[in-house]
Amino acid sequence: MTARTFTAQQKRESVERELAMRRRVYPRWIDAGRMSSEKAAHEIAVMEQIVEDYRKLEAGERLI
């Protein structure tokens with residue numbers, strides 16, 4: 001299997017889709033008792049920081 005290389009933009013877009021999904025799904029999981037609100041907030045915050053990391057990398061890639 002050949003390793004694929006993805007741009008920072010492609011990775012950011014993927015993480016943003018995941019983040020949007022979590023924002024839609026987590027409230028239902030909290031209501032169903034599958035996840036605590038604290039855990040949901042933590043997971044969303046981590047993903048938000050990953051998006052920011054990729055935005056910075058993306059900006060650097062544009063300079064090259």
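**Exercise 1. Surface and burial**

Task: Work out how much area the protein chain exposes and what share of that area carbon and sulfur atoms supply, and then state what percentage of its residues count as buried.

Solution: In this predicted model, the protein chain exposes about 5100 Å². Of that area, carbon and sulfur atoms supply 53%. Turning from area to residues, 22% of the 64 residues count as buried.

**Exercise 2. Overall form**

Task: Describe the secondary structure of the protein chain, and compare its radius of gyration with that of a compact globule of 64 residues.

Solution: The protein chain has two helices and zero strands. Helix α1 covers residues 8-31, and helix α2 covers residues 37-63. The radius of gyration is 15 Å, whereas a compact globule of 64 residues would have one near 11 Å. Taken along the principal axes, the box filled by the C-alpha atoms is roughly 45 × 30 × 15 Å. Among the contacts with a separation of 6 or more, 69% come from residues 24 or more positions apart.

**Exercise 3. The aromatic pair**

Task: Identify which residues form the aromatic pair, and decide whether each of them is buried or partly exposed.

Solution: The structure holds one aromatic pair. Tyrosine 26 and tryptophan 29 form this pair, with 5.5 Å from centre to centre and 35° between the planes, and the pair is tilted. Because the two residues are three apart in helix α1, about one helical turn separates tyrosine 26 from tryptophan 29. The cut-off for buried is under 20% relative accessible area; tyrosine 26, at 6% relative accessibility, therefore counts as buried. Tryptophan 29, at 28% relative accessibility, counts as partly exposed.

**Exercise 4. Two buried residues of helix α2**

Task: For glutamate 58 and isoleucine 44, find the relative accessibility and, leaving aside neighbours within four places in sequence, the residues in contact with each.

Solution: Begin with glutamate 58, which lies in helix α2 and counts as buried because its relative accessibility is 8%. Once its neighbours within four places in sequence are left aside, glutamate 58 is in contact with Ala8, Gln9 and Arg12.

Continue with isoleucine 44, which also lies in helix α2 and, at 17% relative accessibility, counts as buried. With the neighbours within four places again left aside, isoleucine 44 is in contact with Leu19, Arg22, Arg23 and Tyr26; Tyr26 is one of the two residues of the aromatic pair. As a last step, consider isoleucine 44 and arginine 12, which are 32 residues apart along the chain and whose C-alpha atoms are separated by 14 Å.

Key. Residues numbered from 1 in each chain as written. Predicted model: local features only at pLDDT ≥ 70, side-chain atom pairs only at ≥ 80, totals over all residues. Heavy atoms only, no water. Helix = DSSP H or I, 4+ residues; strand = E, 2+ residues; numbered from the N terminus. Rg over C-alpha atoms; globule rule 2.2 N^0.38 Å. Buried < 20%, exposed > 50% of the residue type's maximum accessible area, 1.4 Å probe, protein only. Contact = heavy atoms within 4.5 Å. Areas by Shrake-Rupley, 256 points an atom, 1.4 Å probe, with all protein chains shown as cover. Phe/Tyr/Trp six-rings, centres within 6.5 Å; stacked < 30°, edge-to-face > 60°.
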